[in-house]
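Me: Please take a close look at one part of this model, namely its interior and what surrounds it. A single connected account would be preferred.

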Amino acid sequence: MARTTDDQDHDQRGDDQETRLSAPEAMRSAARQLGELVGSEPSAVSALRATDAGWTADVEVVEVARVPDTTSILASYRVDLDQVGRLLGYERTRRYARGQLDR
């Protein structure tokens with residue numbers, strides 16, 4: 001099994017050390033783990049917040065690809081990670097057409 005950058009980063013910090021991930025590491029970890037669970041490639045991390053428990057990220061995913069691209073259906077997921085990047089939970093918070101703007 002191939003080792004990911006996240007695995008290598010975790011090994012360098014040490015298994016017994018509960019060091020908080022950096023923001024870029026948290027973004028990559030949230031997108032990667034969500035993509036594995038929902039079976040779709042994340043297109044963006046639109047928000048990232050540090051919490052007492054670790055991190056919360058909003059990750060955008062293309063759920064239904066259509067032609068033209070502006071009619072594709074996207075979803076926004078809230079992803080919760082602990083301080084070292086382990087997934088605690090996720091939920092879909094919104095579905096929308098790519099061309100739709102927030103009011």
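Reply: **The nonpolar core and the sheet**

Of the 103 residues in the chain, 33% are buried (under 20% relative accessible area, with exposed meaning over 50% and partly exposed in between; 1.4 Å probe, protein chains only). The model is predicted, so local features need pLDDT of at least 70 and side-chain atom pairs count only at pLDDT 80 or more, while totals for chains, interfaces and linings use all residues. Residues are numbered from 1 along each chain as its sequence is written, and side-chain values use heavy atoms, with hydrogens and water left out.

The chain holds two helices and four strands, which are DSSP runs (helices H or I, at least four residues; strands E, at least two) numbered from the N terminus. Along the sequence, their pattern is α-α-β-β-β-β.

The four strands form an open antiparallel sheet in the order E1-E2-E3-E4, where pairing requires that DSSP find at least two bridges between two strands. Strand E1 (42-50) and strand E4 (87-97) are the edges, each pairing on one side only. On average, neighbouring strands are turned by 20° against each other, direction ignored; the axes are lines fitted to C-alpha atoms, and angles run from 0 to 180 degrees between N-to-C directions. Seven bridges join E1 to strand E2 (residues 54-64), and Ala47 stands opposite Asp58 in E2.

The largest nonpolar core (buried Ala, Val, Leu, Ile, Met, Phe, Trp, Tyr and Cys residues joined through side-chain atoms within 4.5 Å) has 12 residues, including Leu34, Trp55, Val59 and Tyr77. Helix H2 (23-38), E2 and E3 each give two or more residues to this core. Beyond its neighbours within four places in sequence, Val59 is in contact (heavy atoms within 4.5 Å) with residues including Ala30, Leu34, Ala75, Tyr77 and Val79.

Tyr77, a core member, is buried at a relative accessible area of 7%, whereas Tyr90 is partly exposed at 38%. The structure holds one aromatic pair: the rings of Tyr77 and Tyr90 have centres 6.0 Å apart and planes at 50°, so the pair is tilted. Rings of Phe, Tyr and Trp (its six-membered ring) pair if their centres lie within 6.5 Å; planes under 30 degrees apart are stacked, over 60 edge-to-face and the rest tilted. Tyr77 lies in strand E3 (residues 73-82) and Tyr90 in strand E4, 13 residues apart.

Trp55, also in the core, has the charged end of Arg20 over its ring, 5.4 Å from the centre; this requires NZ of Lys or CZ of Arg within 6 Å of the ring centre and within 35 degrees of the ring normal.
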